[in-house]
Amino acid sequence: MSNFIPRDDIRSLFSAAMSAMYRAEVPLYAQLLDIVATVNARTLEADVAQAESMSRRGELARIDAERHGAIRVGTPAELRALARVFAVMGMEPVGYYDLAAAGIPVHSTAFRPIGEEALARNPFRVFTSLLRPELIADEDLSAQALDILASRRIVSDECMALVEKAEAEGGLNDSDAQRFVAAALEIFRWHSHAIVDTPTYERLLASHRLVADIVSFKGPHINHLTPRTLDIDAAQAEMLARGIAAKDSIEGPPRRKVPILLRQTSFHALSESFIPADADSASAQHTARFGEIEQRGAALTPKGRALYDECLTRSRDDGMSLEMAFADFPDNFAEMVDEGLAYARHVTNDDGTVTTEPIAYEDFLPVSAAGIFRSNLGEEVRGAYAESASQDAFEQALGRPVHDPFALYAAIATRSRADAMHA
Ligand code: OOG
Ligand code: NI
């Protein structure tokens, strides 16, 4: 007989604790939460059909708790330690994102729940990036960065002991789960004391802003948290109306009748003072932490995703408006499913009829992620690195393969179809 707390509940506790911490650290995030709650309530009130459909899909119950965060780590050992921490909360690595193509010296995955029920309980996700030190051009600086990273431990002994206990025994009881959440939260806290001196910080910063952010501090502070809005255009307008310095365009697809994938916007990173290791007062400024909002739509099949990428490229290369570039992407769910562009969840209604609904996209988009990274690295835009994407190297660092997101959506679609046939 075990009295383990379900992993889904540990994840919910952790996500709530992270949100409370970030609200206290970055007050603008509290404003975002307020904007999103208002816009969501207004949208659901005005659109009863959407409210009903979200409720059928199990997305209504989770919407207020739904958010993602992002962190950046320095070494494979740090990535593996985090993977074990996330596993205690039922979060597994899904997908591979290459950011080097956008001139950002990291590659990434998203830790998130993968089962349908776990997603419905709480879909908390953390976009997690790993530094690629081979992309730091100055070899001496790269070696120095690795030395600095080797000297820090981002997961405390107490937290690791609880991870080991959960692994060995298969779960955590109530009091251990509470201790685990508190100890895991410390990994992501902001530290105003840097572990490098001023000249080192300056050199790291000159090599790439992101390198300074990853290497200079005690741990991988959470750099943003993102609540989910049901109307990102309304939320963006409200941000501007409140005088929040928002990003000037929304990343992702245009506004549509049937939302697809992911649309995101953010407010610019704050300039925060910190204390370099050679100083005894806050004598330097660091910009890293920001806030973001997102609207999620239908998960697309590989064919739909290829069409999405094609439309996006067309808008970028031909300077076409997003709406024009996406004119050929069907905006009718039945048509999208017929053409094999979107996954469908089959839902059996009370009267025995079967209808299809979109499956929510639970992942991220590399081009959008690059846009979000960039808007928070000042105006600094660099060309692509010559090194190509390396999912193999990432998986070796992680010590295991990442899940293929398409396979996860396909499994949900197939199972819902079999259930409907059975009913
Ligand atoms: C991650 C940026 C990517 C998103 O929502 O696409 C991201 C970062 O800045 O570390 O969070
Ligand atoms: Ni994000």
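1. Strand 2 first. This strand is mostly covered, with six of its seven residues buried. Its pairing is with strand 3 (residues 106–112), in the antiparallel sense and over five bridges. If you want a register check, look at Val94, whose bridge partner in strand 3 is Ala110. Keep in mind throughout that this is a predicted model.

2. Just ahead of that strand, have a look at Met91, which sits in the loop between helix 4 (76–88) and strand 2. Is Met91 buried or exposed? Met91 has 26 C-beta neighbours inside 10 Å, and since 20 or more is enough to count as buried, this loop residue is buried. For a long-range distance, try Met91 to Ser388: the two are 297 residues apart in sequence, and their C-alpha atoms are 27 Å apart in space.

3. Now the sheet that holds strand 2. Five strands make an open sheet in the order 2-3-4-1-5, and the pairing is mixed. At the edges stand strand 2 (92–98) and strand 5 (224–227); each has a single partner strand, so one side of each is left without a neighbour in the sheet. On average, neighbouring strands here are turned by 20 degrees against each other, direction ignored. As a reminder, strands of a sheet pair through backbone hydrogen bonds, either parallel or antiparallel. Both kinds can be seen here: strand 2 and strand 3 are antiparallel, while strand 1 and strand 4 run parallel, joined by six bridges.

4. The strand 1 and strand 4 pair leads on to the ligand. Ala70 has Phe127 of strand 4 as its bridge partner, and both residues turn up in the shell around ligand 1. The rest of that shell is Arg72, Ser129, Asn223, Gln264, Phe364, Ser368, Ala369, Ile372 and Phe373. Two or more residues come from each of strand 1 (67–73), strand 4 (125–131) and helix 15 (366–375).

5. Which element gives the most to the shell around ligand 1? Helix 15 does, with four residues. Sorted by class, the shell has six nonpolar, four polar and one charged residues. Gln264 is worth following out of the shell, as this residue also belongs to one face of strand 6.

6. On to strand 6 (262–267) itself. Six of its six residues are buried, so strand 6 is largely enclosed by the rest of the structure. In a regular strand the side chains alternate between the two faces of the sheet. For strand 6 both faces are covered: Leu262, Gln264 and Ser266 are buried on one side, and Arg263, Thr265 and Phe267 on the other. Strand 9 (residues 291–296) pairs with strand 6 in the antiparallel sense over six bridges. Within that pair, Phe267 has Gly291 of strand 9 as its bridge partner.

7. One backbone value I'd look at by eye is Leu261. Most residues other than glycine have a negative phi, and most peptide bonds are trans. Leu261, though, has a positive phi, near 50 degrees. Leu261 lies in the loop between helix 11 (232–241) and strand 6. With 21 C-beta neighbours inside 10 Å, Leu261 counts as buried.

8. Helix 11 deserves a point too. Helix 2 (residues 27–46) packs against helix 11 at an angle of about 135 degrees, with the axes 10 Å apart. That angle makes helix 2 oblique to helix 11, and the crossing is right-handed. Met239 belongs to helix 11 and is buried, having 22 other C-beta atoms within 10 Å. From Met239 to Ser416 the C-alpha separation is 38 Å, with their positions 177 residues apart along the chain.

9. There is another helix pair to check. The axes of helix 1 (residues 7–25) and helix 8 (residues 174–187) come within 10 Å and cross at roughly 40 degrees. How does that angle class the pair? Angles under 35 degrees count as roughly parallel, and helix 1 and helix 8 are therefore oblique to each other. Helix 1 passes helix 8 in a right-handed crossing.

10. Last, the hairpin. Strand 10 (residues 344–348) and strand 11 (residues 354–358) run antiparallel and are joined by five bridges. Ala344 stands opposite Pro358. Five residues lie between the two strands, and Gly352 in the turn has a positive phi of about 90 degrees.

Methods
Residues are numbered from 1 along each chain as its sequence is written. Chains are lettered from A and ligands numbered from 1 in the order in which they are written. This is a predicted model: local features need pLDDT of at least 70, side-chain atom pairs count only at pLDDT 80 or more; totals for chains, interfaces and linings use all residues. A residue is near a molecule or strand if its C-beta atom, placed from the backbone, lies within 6 Å of it. Ala, Val, Leu, Ile, Met, Phe, Trp, Tyr, Cys and Pro count as nonpolar, Asp, Glu, Lys and Arg as charged, and the others, Gly among them, as polar. A residue is buried if 20 or more other C-beta atoms lie within 10 Å of its own, exposed if 12 or fewer, and partly exposed in between; C-beta atoms are placed from the backbone. Two strands pair if DSSP finds at least two bridges between them. Axes are lines fitted to C-alpha atoms, for helices over the stretch in contact, and angles run from 0 to 180 degrees between N-to-C directions. Angles under 35 degrees count as roughly parallel, over 145 as roughly antiparallel, 65 to 115 as roughly perpendicular and the rest as oblique. A crossing is left-handed if the near helix is turned anticlockwise from the far one by less than a right angle, and right-handed if clockwise.
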